[in-house]
Amino acid sequence: MIEERKVSESQVEIVRLVRPNHLNSAGRLFGGMLMQWLDEAAGMVAMRHTRSNVITASVDNLRFIHGAYNGEMVVIIGKVTYVGTTSLEVRLDTYVEHLENGMRHLINRAYFTMVALDENDRPMPVPHLKLETEAERAEWEAGKKRREMRTRRKEEGF
């Protein structure tokens, strides 16, 4: 029987407090720091899904929608959206959570492609993804399109 996991089984939520050492010269969260946090979160999601070591293969659609500032809480939610043979796509949504009311507003969205590795650091098959909701099915279909675009860019040398 082919191994299969639900989206909810590997989802992660990470909360970080923006501190002065995380800021760029304009006083906003440094993009490189956010990138590090996103890569860590994507790795945790992928490791939960594959139950193996993983490596980052690519990052797509890294959109900086709004800045985050000193003292703000940044919430990163990651989940598997699509799986191939040895790789999987992880969607990461980043929010700032407001202390006064608990409301969150989206500041970043990114898609990471992660590759599962065996004990010899060679790509290995990943479990299938069990889709349970219409939103998960829609994300899967969008993931197929993103994968086709990544493949096309690779073939064209981009």
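This talk walks through one sheet, the helices on it, and a few residues at its margins.

Let me say at the outset that what you see above is a predicted model, and that residues are numbered from 1 along the chain as its sequence is written.

I will begin with the sheet, since most of what follows refers back to it. Five strands form an open sheet, and their order across it is β2-β4-β5-β6-β3, with antiparallel pairing. The edges are taken by β2, which covers residues 12–17, and by β3, each of which pairs on one side only. If you average over neighbouring strands of this sheet, they are turned by 25 degrees against each other, with the direction of the turn ignored.

Now let us go through the pairings, starting from the β4 side. Strand β4 spans residues 73–83 and β5 spans 87–97, and these two run antiparallel, joined by ten bridges. The connection between β4 and β5 is a hairpin with three residues, and one pair to look for is I76, which stands opposite T94 in β5.

Moving on, β5 pairs with β6 in the antiparallel sense, here over eleven bridges. Two places where you can see this are V90, whose bridge partner in β6 is F112, and Y95, which stands opposite L106 in β6. The hairpin of β5 and β6 has six residues between the strands, and in that hairpin G102 takes a positive phi near 75 degrees.

How many bridges pair β3 with β6? There are nine, again antiparallel, between β3 and strand β6, the latter made of residues 104–117. Here N53 stands opposite L117 in β6, while I55 has V115 in β6 as its bridge partner.

Next come the helices. Helix α1, residues 31–50, lies across β2, β3, β4, β5 and β6, and it runs at about 50 degrees to β6. Helix α2, residues 134–155, also packs on the sheet, where it touches β3, β4, β5 and β6, and its direction makes about 80 degrees with that of β4.

With the sheet and helices in place, we can ask why β5 is described as largely enclosed by the rest of the structure. The reason is that eleven of the eleven residues of β5 are buried. This holds for both faces of the strand: on one side the buried residues are S87, E89, R91, D93, Y95 and E97, and on the other they are L88, V90, L92, T94 and V96. Strand β6 is mostly covered, with ten of its 14 residues buried.

Let me turn to a single residue outside the strands, G67, which lies in the loop between β3 and β4. Is G67 buried or exposed? G67 counts as buried because its relative accessibility is 19%, and the cut-off for buried is under 20%. Leaving aside neighbours within four places in sequence, G67 is in contact with R28, E72, V96 and I107. G67 and G31 are 36 residues apart in sequence, and their C-alpha atoms are 9.2 Å apart in space.

Finally, we come to the surface. V59, L62 and F64 make a nonpolar surface patch of about 240 Å², and F64 is found in β3, the strand of residues 53–64, which is also one of the two edge strands of the sheet.

Note on methods. Predicted model: local features only at pLDDT ≥ 70, side-chain atom pairs only at ≥ 80, totals over all residues. Heavy atoms only, no water. Patch = residues over 30% accessible without salt bridge, like charges linked within 9 Å, V, L, I, M, F, W, Y side chains within 5 Å. Areas by Shrake-Rupley, 256 points an atom, 1.4 Å probe, with all protein chains shown as cover. Salt bridge = Lys/Arg side-chain N within 4 Å of Asp/Glu carboxyl O. Helix = DSSP H or I, 4+ residues; strand = E, 2+ residues; numbered from the N terminus. Pairing = 2+ DSSP bridges. Axes fitted to C-alpha atoms, helices over the stretch in contact; angles between N-to-C directions. Contact = heavy atoms within 4.5 Å. Buried < 20%, exposed > 50% of the residue type's maximum accessible area, 1.4 Å probe, protein only.
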